[in-house]
Amino acid sequence: MALYKVAPKNPYYFWAVMSIVMQAHMSDSKLSCTMYLPLAERMIAKMVKENKLEGEAELKLYIMVLEKSGKRQQALDFVNGLLEASFLGTPGSRWNFYLTKKAELLLRMERYSESNAIYRQLLLDDPDQWQYYQDYFTSMFALVDINWTPDETTQSVSCDYTVELALVFIEQGIAREEAKSSKKLRGPYLACLELLQLLLKRNHSAASRLASPLEQIKQYFTIFGDKNCCFSDISNYLYMLESETDKFLADILTSLGLNGENTEDMLAKEPKIMQRHVCYLAVSRRLGKHCLSHQEKLRLAEELIHRHREGLTLGTDLLTTDLQYSDNYCLLAVHLLYDAWCESGDQLLLWTICALLESALKSSPSNFHIKLLLTKIYSYLGIYGPSVGIKLELRHIQFDTLGYMCFHPALKVGHYSAWKSVLTEALLFFSTNFKDTSEYIISAYKYGSFTKVYEFVQFRQRLNDSLQFALLNVEKNICDLILETSNHQSAEKVLTSMDIDPIIDECKWEDLRDNRDLDVMLTWDPPHSCLTHEQRHLSFTEQKQWLRLRNLTVRALTAAMLLPALPLSHESTTSQAVNGGGTNMCDALLSLHDQLKQHVEELETEHTCERRYSLQGPFCTLIYPFVTGRHGALLLQFLRVVQCCFFLQDDTGKLETSDLQMLTLEIDESMKLVIGRVSEGIIVEGNGQQQFSASTLTQAVLAVETLSHGCLLLGVCDKLLQPLRPVTGRKKSKKKEETVQQAVTSVISITTVKNSFFTRNFAFKSSSIPELSNVNLNLFFYYYEFLPCY
Amino acid sequence: MTTLRPFTCDDMFRFNNVNLDPLTETYGLSFYMQYLAHWPEYFLLAEAPNEDIMGYIMGKSEGHGEKWHGHVTALTVAPEYRRLGLAATFMSALEEISEKKRAYFVDLFVRVSNKVAVDMYKQLGYSVYRRVLEYYSGDPDEDAFDMRKALSMDTEGKSVIALQHPVRPEDVE
């Protein structure tokens, strides 16, 4: 405002207004409604009165402030008072802010007849705008429900206030398209289907006036069946076919002419017919017709693979940046084989899928659906190496939305170097978010794009609160603890540099946002098999549970590391201060131990089997292998050893001799279980053949992590016991001497067991996949001779 | 059937079905936000009835005097929503907004190897104004066509008279 007083230019004035609006957004609703918004409104109203508003952004800001204050009538009066030419969209234009804003305000104010009239006019100018149809139907049905009829004053308003009028309007729209010789618009046809759906839901008799679902969907397929979007356009209406499903499919198949006896006649000779056939198959799958017997699935998959291979001949002139016409045959076949694998567990089917997709990718290197599927299937098999060759090439914000496609497969099989490089790149994106976006909040002010200011602030917050960001931070800490530490000193250095607060949990659990894009992969499944809203929520909860587990682990390790070893003299004030700090950290360690224990118990209760989401859905976390592998129990035992060693420094006798002995035995038992799971071997018998056991590999990864943490904690014990060892030479209590001796013995025995594990399994941990899975590779080569990474 | 509306920041969380296409680059946040802050009217998106993002266009206006023009920075349509005339719809929107701003012409750069796009723009009334050597960096670098369409302010069509010789990127304003 000071700037404005010096040089009265609109931008300076509106910067002040926008700042007040932002304060309104950030405050509670009472304060924003009673103070900030009215102030902003008065400031702009002053400019309006003096006729000083200049740009479209300033007009829109005023409308936004009025709307947020609930003053829709005033907003409407203001818009009405403006020239249509004030806004960039010209009259009759599809981005006509003037009309669309009016219609929107009227709808919210429940002035349905006026709103309907505007949407009707907008649709006459642009019959392909879906949002207009939705609002047109909403306003029409609202008028019907209140039995609205025009009176003298409203007769000039041309709105459709009955179902009959709406029917006529929609039918006229279709008639106009039918009369065209040029490209038809999908809007009027889909609007007719939508109206039919709405009428059927209301059990309205007028539904019978429209063509039946069978006729309408067939008509839509006839006109638009060669477009890729046909399936997604009609899929939500297919349920209306009900008992006529089989007739619909039979009629469509007949119209394609591809069910000849001759194998040559079976194949589509042109891309457009092929696309129609693919649409037919997709619809067929959506209607549940691919729920076949095992043999029938395999037979149909084989037919689709044949169609895919033959179909490639139609696409020889396509560029490498194009998708092949027949690619979706391959994807449909893969979905069938995946279904067959879900039922039978025959791993050979997964290998077949990989071979098919690799081959298809060679012909269609830009098809990202193939790449995503391959990454998924390789991960199910417990393989990561070939995924690198797929080159999904995520950039910037895709680390948040699609990062899960890379992070989980790498972590699951312990490809730490690949994992670390992806982690580093992704974290760099998140950490520069704040700096990047702040600059553009300022730009939005500068250029007067006021509505963008709030949007940018919300966007920045959404990225900052990303679950993926929180997970990556904690996983980086754990990755560094495993890879960057070779002795206790380096472990101490690494942990202290991470600046983790063991006492205060800095994670804002309530604000976490799930920004994963779980809709990117193609699916033609029936609605009940698709990823549901509940499953998305379940996956989000599961990810948060995993995050909490890692969060508690890292904080507990930090608390243990920060436990001070007491000096020999207990009488000095320095030691009392240290003792005070030590007590805090010990309390923190105790609390974290208890929280971790409770969390592990909850996970054990909830995760009683491996979760599996739909093929297009997210990966599950490593919670199930973690709890079944007893890693939680082992970690807790190590933490208790540290606590015991700390109590030894205390003369109050909190420690009983038997405590450490018990712990040593428990740890011994747990280590045997952990080693036992790893020693099961990665080649197991299943379905009468040898199969690669991805779960054993995951157990090995978790074992490496748990034992790595164990090493760190034993290092802490060593540090805690160091000052006490000379005690044995002095005249201290014999009991204390024995306890310390036993503690030292226990720690040594734990270390010995751990060392033996590493000796036996070091080759396992550090070997590359080809060495480990030689047996299984023979099976793979049988199907796919030229996998480049081998 | 589309909903044409302004692009918002939240759309960046959902545009993978468009951006995973090899010819579509995913830029850093600053790139998108610069356009949203400065030229939000040119940053439009088309949404399908099932809420999929079908495609989007990014543009700007720049230049002085008779060189004041609209520019198409990026135009992309998801593979499953191609051949629906969406690119033409986007271009028409950008031209309309540029007309309103009294621009003289609209221009864009396209890889010389992108035959499909070049033919499409020609059908929409664009012509090659000049060739810019090694405009796109890569292995190897690739030339670009600078294609233009005159708007009503350019009554004599001066802005689209093709240059006789190619230029280098540093010659482009």
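**Reading cavities, a helix and a sheet**

Author: In this predicted model, α32(A) supplies the largest share of the lining of the second largest cavity, namely four residues.

Reader: How does one find such empty space, and which residues line the second largest cavity?

Author: Rolling a probe the size of a water molecule over the atoms shows where empty space is left. Here the second largest cavity holds about 80 Å³ of space. Its lining consists of Leu549(A), Arg550(A), Thr553(A), Phe626(A), His631(A), Leu635(A), Leu702(A), Glu705(A), Thr706(A) and His709(A). Two or more of these residues come from each of α27, α30 (631-647) and α32 (694-721) of chain A. By class, the lining divides into four nonpolar, four polar and two charged residues.

Reader: How many cavities of 30 Å³ or more are counted, and what is the volume of the largest cavity?

Author: The count is five cavities of 30 Å³ or more. The largest cavity has a volume of about 220 Å³. It is lined by 17 residues, and those closest to its centre are Phe407(A), His408(A), Gln468(A), Leu471(A) and Gln543(A). The elements giving two or more residues to this lining are α22 (404-412), α25 (467-483) and α27 (533-561) of chain A. The lining of the largest cavity contains 11 nonpolar, four polar and two charged residues.

Reader: I should next like to read a helix. Which residues of helix α5 of chain A are buried?

Author: An α-helix has 3.6 residues a turn, so residues three or four places apart point the same way. In α5 of chain A, which spans residues 72-81, the buried residues are Ala75(A), Leu76(A), Phe78(A) and Val79(A). These residues lie on the same side of α5(A) because they cover an arc of only 160° around the axis.

Reader: Finally, how should a sheet be read, and in what order do the seven strands of the open sheet in chain B stand?

Author: Strands of a sheet pair through backbone hydrogen bonds, either parallel or antiparallel. In chain B, seven strands form an open sheet with mixed pairing, in the order β1-β2-β3-β4-β5-β7-β6. Its edge strands, β1 (3-6) and β6 (127-136) of chain B, each pair on one side only. On average, neighbouring strands of this sheet are turned by 25° against each other, direction ignored.

Reader: How many bridges join strand β2 to strand β3 of chain B, and which residue is the bridge partner of Leu45(B)?

Author: Strands β2 (residues 44-47) and β3 (residues 53-62) of chain B run antiparallel and are joined by four bridges. Leu45(B) has Tyr56(B) in β3(B) as its bridge partner.

How values were computed:
Residues numbered from 1 in each chain as written. Chains lettered and ligands numbered in written order. Predicted model: local features only at pLDDT ≥ 70, side-chain atom pairs only at ≥ 80, totals over all residues. Heavy atoms only, no water. 1 Å grid on protein atoms, 1.4 Å probe; cavity = no way out; pocket = protein on both sides within 12 Å on 5 of 7 lines; lining within 4 Å. Points joined across faces, edges and corners; volume = space filled by probe spheres on them. Nonpolar A, V, L, I, M, F, W, Y, C, P; charged D, E, K, R; others polar. Buried < 20%, exposed > 50% of the residue type's maximum accessible area, 1.4 Å probe, protein only. Arc of directions from axis to C-beta. Pairing = 2+ DSSP bridges. Axes fitted to C-alpha atoms, helices over the stretch in contact; angles between N-to-C directions.
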